[in-house]
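Student: Could you take me through the aromatic side chains here, up close? I'd like to know which rings pair up and how they sit.

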Amino acid sequence: MKINGLQKLTLLDFPGRTACTVFLAGCDFRCPFCHNYELTDSSADVVMESEELLEFLKGRVGRLDGVAFTGGEPTMRKDLPELLKDVKSLGFETKLDTNGNNPKALKLLLDQHLVDYVAMDVKNSPQLYPLTAGVEKINIDNITESLELLKNSGVDYELRTTVVDQLHNEESFKAIGPWIAGAPRYFLQAFADRETVPFQGFSAPSGEKMEEYARIVRPFVADVQLRGI
């Protein structure tokens, strides 16, 4: 498998674990506020093959607890299950970042116990999903199915929304709350502009707005936290 980036140490990406982060190119969304937009297609630079990654990990046994896989959208990689098996065979826990648009692939990973933690994006309310995900047509049933898969999987997980002032409002979170009811934790992370963001003009909501959005969702998810404010 082609690997498009490796952060050799992170204390943030995999909750409670010392980990590294593996970046995989390819994504079925084109979120206009994406921080990793250069990874959305196969033109992204390749930094190593999976064999080199596994050699790196062999040297980190006992020093790292886990490996986080992000993108892009990792579930688009057909050979992801095999790589996860290889990583787990070395004794590492695995974390998956996903947009939830490929529930069949997610189910396979969950059923085969190949992921120990999942972070799934909830881009917006169902009505605003196409605009926020940057695609004209999206099957919202895919997102709902992935939410149900996680809820019933027994695997620890979090949900998260990158909040953009131009794309989200109170109505967004009034719809998101009941949609994600029962999730163990939900993070509202304020948008932060970077050079890699493909479109200009986006900004983070005020702290007051972020607090209000969290208040709207808390009746449905006990642990709602804010990031980036």
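Tutor: Let's start with two rings that are both tucked away: Phe191 is buried, and so is Phe202 (buried means under 20% relative accessible area with a 1.4 Å probe, protein chains only). Bear in mind that this is a predicted model, where local features need pLDDT of at least 70, side-chain atom pairs count only at pLDDT 80 or more, and totals for chains, interfaces and linings use all residues. Residues are numbered from 1 along each chain as its sequence is written, and side-chain values use heavy atoms, leaving out hydrogens and water.

Across the whole structure, a search turns up four aromatic pairs; to pair, rings of Phe, Tyr and Trp (its six-membered ring) need centres within 6.5 Å, and planes over 60 degrees apart count as edge-to-face. One of them joins Tyr129 and Trp179: their ring centres are 5.8 Å apart with the planes at 85°, so this pair is edge-to-face. Tyr129 sits in helix H4 (residues 129-133) and Trp179 in helix H6 (residues 170-179), so the pair ties together parts 50 residues apart in sequence; helices here are DSSP runs of H or I, at least four residues, and strands are runs of E, at least two, numbered from the N terminus. Tyr129 and Trp179 are both buried.

Back to Phe191 and Phe202: with ring centres 6.2 Å apart and planes at 75°, they are edge-to-face, too. Both lie in the loop between strand S9 (186-190) and helix H7 (207-217), eleven residues apart.

Definitions and conventions: Rings of Phe, Tyr and Trp (its six-membered ring) pair if their centres lie within 6.5 Å; planes under 30 degrees apart count as stacked, over 60 as edge-to-face and the rest as tilted. Buried means under 20% relative accessible area, exposed over 50%, partly exposed in between (1.4 Å probe, protein chains only).
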